[in-house]
Amino acid sequence: MTTRPYFAHVKTISGLQVTRNHPPQEGDPDDHASYHPGIFLAFGDLNGNDYWRIKARVEHVGFIEPPDLASSSFTVQNRYLDASGKQTVCLETCRYQFVKEADDYLILMQSEFKSDHNFYFGDQEEMGLGARVATPLREKEGTGRILNSEGITTAEKTWGQPAQWVDYAGRIENRPAGITLMASHRVRPTWWHNRNYGFFAANLFGREAMKQGAKSKLVVKPGETFSLSYGVLISMKEPNDIA
């Protein structure tokens with residue numbers, strides 16, 4: 001069971017599903033079945049706790065702002081519990097907004113983390129905003145193409161590289177579809193954990209893990225707020241039209 005927030009069975013406006021089935025179904029690769037539920041924000045090392053591999057859980061506290069059709073948004077509060085399930089590591093306030101853009105739409109995410117004690121984000125590949133694309137969109141054995149904001153393609157060449165966004169797109173039922181992850185951070189560059197089997201993630205934490213420098217630790221002190229901002233474009237454009 002996946003014990004952290006996620007969006008599953010995400011579809012384009014026309015109804016094409018752009019994320020892998022959760023759980024995987026016949027015909028889907030079954031690797032990382034609970035780790036890759038669709039689109040999600042997760043951390044392999046948050047104060048030494050592993051939420052990516054479901055070794056610690058995130059508890060939904062409640063809605064700060066309930067879903068609102070007029071603004072197409074909602075805001076939630078989440079509690080990150082340690083591996084024992086008894087101690088609170090930090091609280092997250094996350095606002096989601098959905099914005100239609102022609103035949104596509106954006107999911108805007110703004111998360112704020114805070115606590116009454118020190119906590120930290122560690123250095124791993126498995127950190128940040130991730131997405132598992134639908135099986136037909138995989139680069140390997142599928143129609144998918146990976147492209148980053150620097151004009152570099154393929155999982156191999158874009159892995160570990162800094163970029164503002166990465167697009168993973170192809171064709172489903174001979175119709176164009178894909179997901180673009182966008183990161184907006186001033187703390188440091190965002191590096192990318194991209195895989196040809198259909199996964200990609202925006203990771204500003206894994207400096208050593210992504211072979212970009214010395215091992216790092218981002219510490220948040222009591223009273224401070226650490227913010228993360230992302231955009232997710234669910235698109236029906238041809239892969240070569242994303243630029």
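What follows is a walk through the side-chain packing, charge pairs and backbone oddities of this structure. Keep in mind that this is a predicted model.

Let's start with the rings. The structure holds 20 aromatic pairs. Take Phe40 and Phe199: their ring centres are 6.3 Å apart and their planes meet at 20 degrees, so this pair counts as stacked. Phe40 belongs to strand 1 (residues 39-43) and Phe199 to strand 12 (residues 199-203), so the pair ties together parts of the chain 159 residues apart in sequence. How accessible are the two partners? Phe40 has a relative accessibility of 2%, which puts it under the 20% limit for buried. Phe199 is buried as well, with a relative accessible area of 1%.

A second pair, Phe121 with Phe226, is tilted, with 5.0 Å from centre to centre and 35 degrees between the planes. Here too distant stretches of chain are linked: Phe121 sits in strand 6 (residues 119-121) and Phe226 in strand 14 (residues 226-235), 105 residues apart. Both of these phenylalanines are buried. If you follow the ring pairs outwards from there, you get a cluster made of Phe43, Tyr51, Tyr80, Phe113, Phe119, Phe121, Phe205 and Phe226.

Some rings also have a charge sitting on them. Go back to Phe40 and you'll find Arg4 lying over its face, 4.5 Å from the ring centre. Tyr120 has a similar visitor in Lys217, whose charged end is over the ring at 4.3 Å from its centre.

Now for charges that meet other charges. Side chains of opposite charge can pair when their charged atoms come close. A search of the whole structure turns up 12 salt bridges. One of them joins Arg53 to Glu126, with the closest N and O atoms 2.9 Å apart. Arg53 is in the loop between strand 1 and strand 2 (58-68), while Glu126 is in the loop between strand 6 and strand 7, so to speak a loop-to-loop link across 73 residues. Arg53 is partly exposed at 23% relative accessible area, whereas Glu126 is buried at 17%.

Another salt bridge, between Arg145 and Asp167, has an N to O distance of 3.1 Å. It links strand 8, home of Arg145, with strand 9 (residues 165-172), where Asp167 lies, 22 residues apart. Both Arg145 and Asp167 are buried. Elsewhere, Arg20, Asp31 and Arg132 are joined into one network by salt bridges that share partners.

The pairing of Arg138 with Glu141 is a salt bridge at 3.7 Å, N to O. Arg138 is buried, at 13% relative accessible area, but Glu141 is exposed, at 66%. Glu141 is worth a look for its backbone too: its phi is near 65 degrees, a positive value in a residue other than glycine. You'll find Glu141 in the loop between strand 7 (127-132) and strand 8 (145-148).

What about a buried charge with no salt bridge? Arg188 is just that, and its nearest side chain of opposite charge, Asp123, is 5.8 Å away; a salt bridge would need a nitrogen and a carboxyl oxygen within 4 Å, so this pair does not make the cut. Arg188 lies in the loop between strand 10 and strand 11. What does its side chain reach instead? There is the backbone oxygen of Phe205 at 3.5 Å, and a polar contact of 3.1 Å with the side chain of Ser216. Beyond its neighbours within four places in sequence, Arg188 is in contact with Leu204, Phe205, Arg207, Ser216 and Leu218.

Thr190 is in the loop between strand 10 (175-183) and strand 11 (191-195). Thr190 is buried, with a relative accessible area of 7%. Setting aside residues up to four places away in sequence, its contacts include Gln161, Pro162, Ala183, His185 and Leu204.

Last stop: the segment before strand 1, where Pro23 has its place. The peptide bond joining His22 and Pro23 is cis, with omega at about -5 degrees. From the C-alpha atom of Pro23 to that of Thr190 is 29 Å, with their places 167 residues apart along the chain. His9 also lies in the segment before strand 1. His9 has a positive phi of about 55 degrees although it is not a glycine, and at 32% relative accessibility it counts as partly exposed.

How values were computed: Residues are numbered from 1 along each chain as its sequence is written. This is a predicted model: local features need pLDDT of at least 70, side-chain atom pairs count only at pLDDT 80 or more; totals for chains, interfaces and linings use all residues. Side-chain values use heavy atoms; hydrogens and water are left out. Helices (H or I, at least four residues) and strands (E, at least two) are DSSP runs, numbered from the N terminus. Buried means under 20% relative accessible area, exposed over 50%, partly exposed in between (1.4 Å probe, protein chains only). Contact means heavy atoms within 4.5 Å. Rings of Phe, Tyr and Trp (its six-membered ring) pair if their centres lie within 6.5 Å; planes under 30 degrees apart count as stacked, over 60 as edge-to-face and the rest as tilted. A charge sits over a ring if NZ of Lys or CZ of Arg is within 6 Å of the ring centre and within 35 degrees of the ring normal. Lys and Arg count as positive and Asp and Glu as negative; His and the chain ends are not counted. A polar contact is a pair of N or O atoms within 3.5 Å; within protein, one must be able to donate a hydrogen and the other to accept it, and residues adjacent in sequence count only if both atoms are side-chain atoms.
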